[in-house]
Amino acid sequence: VVSTQSTERIRVPKLPFKAESLTIAPARGWDANGIKLTLRGRRSSDFSVFGVRLLLDGSEIWSSLEDLFGFAFVTLARSFYPVDLTPFITNLSTFNSSQRMGELVIEVGSQGKMLFKGSTLKKKLQQLVEHGDPKFTLRLEYGHSSSYFSSMGDLVSVNLSASSLLKALDNSSNLLNV
């Protein structure tokens with residue numbers, strides 16, 4: 001029950017980070033390996049990030065992936081889920097500086113054991129579009145990582161479909177505007 005006669009002010013806490021753009025692009029061209037996610041936004045001066053995870057929320061995406069690529073593939077993918085992106089962040093110290101604008105650049109699939117070509121990702125996204133264009137929520141969650149990940153909240157959360165992600169990837173456009 002809320003009193004309408006109360007004279008107390010309600011204080012809304014200031015968010016530590018406000019995402020302004022999230023772009024997705026090939027890491028080094030379509031024939032090269034990997035993709036690059038770049039998150040930019042305003043941050044409070046005392047806000048730091050020590051770990052980031054990628055999450056895909058929504059039943060449509062997972063059932064479509066299972067239909068297209070099989071139960072075994074999805075089971076294997078989910079064994080690595082949510083995906084810890086911290087080793088792929090190229091500028092965590094820059095993000096945690098005293099600057100008011102923060103930028104995280106995350107390259108996935110461009111080095112190490114998890115290599116994939118941008119053109120392969122585009123083909124797989126096109127298959128998803130043709131299979132009903134599933135909708136999902138892409139989230140970048142931040143927190144602390146030691147022996148396990150302790151979530152502190154979301155840096156960004158955006159509702160997408162396979163076709164909107166494919167379009168953004170083609171144009172290196174802002175996912176927050178699709």
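Visitor: Which residue in E2 is the bridge partner of Ala-25?

Guide: In this predicted model, Ala-25 has Lys-36 of E2 as its bridge partner.

Visitor: And what makes E1 and E2 count as paired?

Guide: Two strands need at least two bridges between them to pair. E1 and E2, which covers residues 35-43, have nine bridges, running in the antiparallel sense, so they count as a pair.

Visitor: Why are E1 and E5 said to stand at the edges?

Guide: Look at the order in this open sheet of three strands: E1-E2-E5, with antiparallel pairing. E1 (17-26) and E5 (101-108) each have a single partner strand, so each has one side without a neighbour in the sheet. Neighbouring strands here are turned by 15 degrees against each other on average, if you ignore direction.

Visitor: What packs on the sheet?

Guide: That's H5, which touches E1 and E2. The direction of H5 makes about 75 degrees with that of E1.

Visitor: Why is H4 called roughly antiparallel to H5?

Guide: H4 (residues 118-130) and H5 (residues 162-171) pack at about 150 degrees, with their axes 8 Å apart. An angle over 145 counts as roughly antiparallel, so H4 gets that label relative to H5. The crossing of H4 past H5 is left-handed.

Visitor: Which residues make that contact?

Guide: From H4, they include Leu-121, Leu-125 and Lys-122; from H5, Leu-165, Leu-169 and Asp-170 are among them. Sorted by class, the contact has eight nonpolar, two polar and two charged residues.

How values were computed
Residues are numbered from 1 along each chain as its sequence is written. This is a predicted model: local features need pLDDT of at least 70, side-chain atom pairs count only at pLDDT 80 or more; totals for chains, interfaces and linings use all residues. Side-chain values use heavy atoms; hydrogens and water are left out. Axes are lines fitted to C-alpha atoms, for helices over the stretch in contact, and angles run from 0 to 180 degrees between N-to-C directions. Helices (H or I, at least four residues) and strands (E, at least two) are DSSP runs, numbered from the N terminus. Angles under 35 degrees count as roughly parallel, over 145 as roughly antiparallel, 65 to 115 as roughly perpendicular and the rest as oblique. A crossing is left-handed if the near helix is turned anticlockwise from the far one by less than a right angle, and right-handed if clockwise. Contact means heavy atoms within 4.5 Å. Ala, Val, Leu, Ile, Met, Phe, Trp, Tyr, Cys and Pro count as nonpolar, Asp, Glu, Lys and Arg as charged, and the others, Gly among them, as polar.
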